[in-house]
Amino acid sequence: MQGLMQDWPLTCNRIIDHAAVQFGGHKVITRSVEGPIVETTYRGIRQRALKVAQRLVKEGIKSGDRVGTLAWNTARHLESWYGILGAGAVYHTVNPRLFPEQIVYIVNHAEDRLMLADLTFVPMLEQIADKLPTIERYVILTDGKHMPATKLKNAVAYEDWIAEVDGDFSWVKVDENDAAGMCYTSGTTGRPKGVVYSHRSNMLQAFATAMPDVFSISSNDVILPVVPLFHANSWSLAFSAPMNGASLVMPGAKLDGASTYELLDTYKVTATAGVPTVWLALLDHMEKHDLKLPHLKLAFIGGSACPRSMIEKFQDKYNVLVRHAWGMTEMSPVGTAGHLKPHVAKFEREKRLDVQEKQGFSLFGVEMKITDDNGNELPWDGKTFGRLKVRGGTVARSYFKGEGGEILDAEGFFDTGDVATIDEHGYMKITDRSKDVIKSGGEWISSIEIENIAVGHPDVAEAAVIGVSHPKWDERPLLIVVPKKDKKIGKTEMLEFLRGKIAKWWMPDDVIFVNEIPHTATGKILKTALREQFRSYRLPSAAE
Ligand code: ADP
């Protein structure tokens with residue numbers, strides 16, 4: 001017997017429709033790429049998204065066509081997403097921090113027909129445009145007044161382009177399982193691979209991430225997404241915020257501590273989200289100038305491990321709750337978040353922090369397990385490391401054009417490439433990427449754990465731990481440290497700082513101080529490059 005309820009396809013255009021009806025006056029504030037801070041509302045975003053959709057159809061864009069965006073977090077970028085998916089097409093966010101050759105590869109692979117780009121990226125596009133044959137037109141996200149002279153194919157200012165239509169348009173009809181968006185993995189190993197989100201998966205992720213134990217989004221909130229729309233589907237904020245009527249403050253191109261602080265403070269932002277490095281800059285700025293953020297309640301931190309010292313500083317000094325989260329492009333992207341369940345909240349302070357340092361428990365719609373290399377499930381005891389695998393309606397089942405082949409195991413689980421423990425309370429802790437774990441004497445050492453403790457040293461700006469080959473132990477950890485500006489730290493001091501905080505056999509065999517550590521386009525430590533850099537390095541212990 002079938003249920004007798006209506007069929008109401010979960011298509012993303014419904015999100016912006018709802019926002020316009022129920023929260024039409026709620027603001028979307030942007031630090032524009034041109035400079036000034038500008039304001040619109042969800043009603044305004046919807047009206048202009050309809051124009052974008054109408055204009056795309058006039059341009060000949062058909063259902064399923066990919067439209068690239070190369071843009072910062074701004075209202076124009078947001079309305080472009082809704083316009084693109086509202087035309088039945090697929091937004092393809094391109095990460096401008098990738099190397100130009102990688103951008104060429106993914107735009108060609110996705111076969112983007114149009115590119116909507118911020119002013120910032122015009123010079124870079126001019127350099128590579130002759131290698132992008134599928135792009136028929138470049139729409140520059142600005143007005144006629146700021147439009148630069150450019151030879152980019154059929155270049156037009158966005159405002160002029162959408163002014164050619166009147167917005168009297170209905171969203172193109174799509175199925176909830178049709179593609180809505182696309183984002184490529186960053187390809188730190190191998191070629192970037194395209195992840196294709198459906199309307200339904202985006203909608204499910206928006207429902208799941210907005211819940212109280214995850215991002216806890218309501219119409220009372222003002223959210224500043226520092227995480228870019230081009231990074232892992234904006235952690236769903238482009239959908240979850242309008243779905244729940246939270247106002248948005250879009251930071252544009254300026255993500256330094258002072259600029260972020262100015263927006264957080266001026267617009268009484270209640271919640272924000274981003275990777276740990278942006279918070280380092282913000283906290284640094286606030287400490288230097290003795291500033292506070294009385295309205296900010298929640299910082300959602302993920303993308304790489306959030307150090308304990310950062311959690312403590314936000315919570316103790318600034319009264320901002322940190323919720324550590326984990327996910328990946330292939331997961332829409334959020335998989336776990338670190339709300340404290342009631343019995344865990346009763347733990348004493350240090351044990352509570354231990355839990356907050358973990359990446360949290362799976363959200364509704366995501367099943368997770370850890371297995372050994374043969375696929376056997378491992379216990380949830382908080383100690384046993386295993387390959388982290390996930391399954392659910394917001395997890396990829398394959399990559400675009402079948403790249404990478406079959407990616408699910410016999411039970412339909414996707415191997416995340418992360419190594420993790422899960423404790424008896426359900427909290428998952430990432431110990432490493434599987435290719436970064438350090439194998440010492442047949443046991444695994446977690447590089448992330450050592451890094452997190454090392455950055456707790458007041459004079460350390462950044463730290464990375466890699467495995468270096470060792471004749472007796474196979475690999476041993478090498479700690480690479482970037483000291484804070486004008487600070488000097490000794491090797492012995494650094495090792496003493498770690499002693500007692502990690503198992504003895506996890507202690508790095510050596511410490512090296514450098515001025516800089518290489519990063520990926522999404523701000524993660526580029527371990528492949530570090531391992532390459534230290535390939536011929538011999539540990540002093542190797543000579544013993
Ligand atoms: P990119 O490499 O483009 O940043 P993703 O955002 O998809 O791509 O990266 C996902 C990976 O980032 C995860 O598989 C995991 O290794 C790492 N990651 C994400 N969040 C965390 C976190 N909170 N702690 C540790 N690692 C994390």
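This text goes through a predicted model, starting with its domains and then turning to one helix and two single residues.

The domain assignment divides the chain into domain 1, residues 21-254, and domain 2, residues 438-543. Taken over C-alpha atoms, the centres of domain 1 and domain 2 are 39 Å apart. The two domains do touch: 6 residues of domain 1 are in contact with 5 residues of domain 2. What kind of atoms give the area buried between domain 1 and domain 2? That area is about 490 Å², and carbon and sulfur atoms give 69% of it. Sorted by class, the side of domain 1 that touches domain 2 has 1 nonpolar, 4 polar and 1 charged residues. The interface of domain 1 and domain 2 has 0 salt bridges by the rule. For polar contact, the rule finds 1 residue pair across this interface, with both residues at pLDDT 80 or more.

Helix α13 covers residues 349-357, and its buried residues are Leu 353, Val 355, Gln 356 and Glu 357. An α-helix has 3.6 residues a turn, so residues three or four places apart point the same way. The buried residues of α13 pack against α11 (308-318), β14 (321-327), α12 (342-345) and α14.

Helix α14 also leads to the next residue, Ser 446, which sits in the loop between β22 (443-445) and α14 (447-454). Is Ser 446 buried or exposed? Ser 446 has a relative accessibility of 1%, which is under the 20% cut-off, and therefore counts as buried. Leaving aside residues up to four places away in sequence, Ser 446 touches Phe 385, Thr 431, Asp 432 and Trp 506. With one of these residues, Thr 431, there is a polar approach: a polar atom of the Ser 446 side chain lies 2.8 Å from the backbone oxygen of Thr 431.

A second loop residue, Glu 516, is found between β25 (510-513) and α16 (527-533). Its relative accessible area is 64%, over the 50% cut-off, so Glu 516 is exposed. Which residue, 35 residues apart from Glu 516 along the chain, has its C-alpha atom 8.5 Å away? That residue is Val 481.

The two loop residues can be set side by side: Ser 446 is buried, whereas Glu 516 is exposed.

Notes
Residues numbered from 1 in each chain as written. Predicted model: local features only at pLDDT ≥ 70, side-chain atom pairs only at ≥ 80, totals over all residues. Heavy atoms only, no water. Helix = DSSP H or I, 4+ residues; strand = E, 2+ residues; numbered from the N terminus. Buried < 20%, exposed > 50% of the residue type's maximum accessible area, 1.4 Å probe, protein only. Domains from an automatic or database assignment. Contact = heavy atoms within 4.5 Å. Buried area = accessible area lost by both parts, 1.4 Å probe. Salt bridge = Lys/Arg side-chain N within 4 Å of Asp/Glu carboxyl O. Polar contact = N/O pair within 3.5 Å; in protein donor to acceptor, adjacent residues only side chain to side chain. Nonpolar A, V, L, I, M, F, W, Y, C, P; charged D, E, K, R; others polar.
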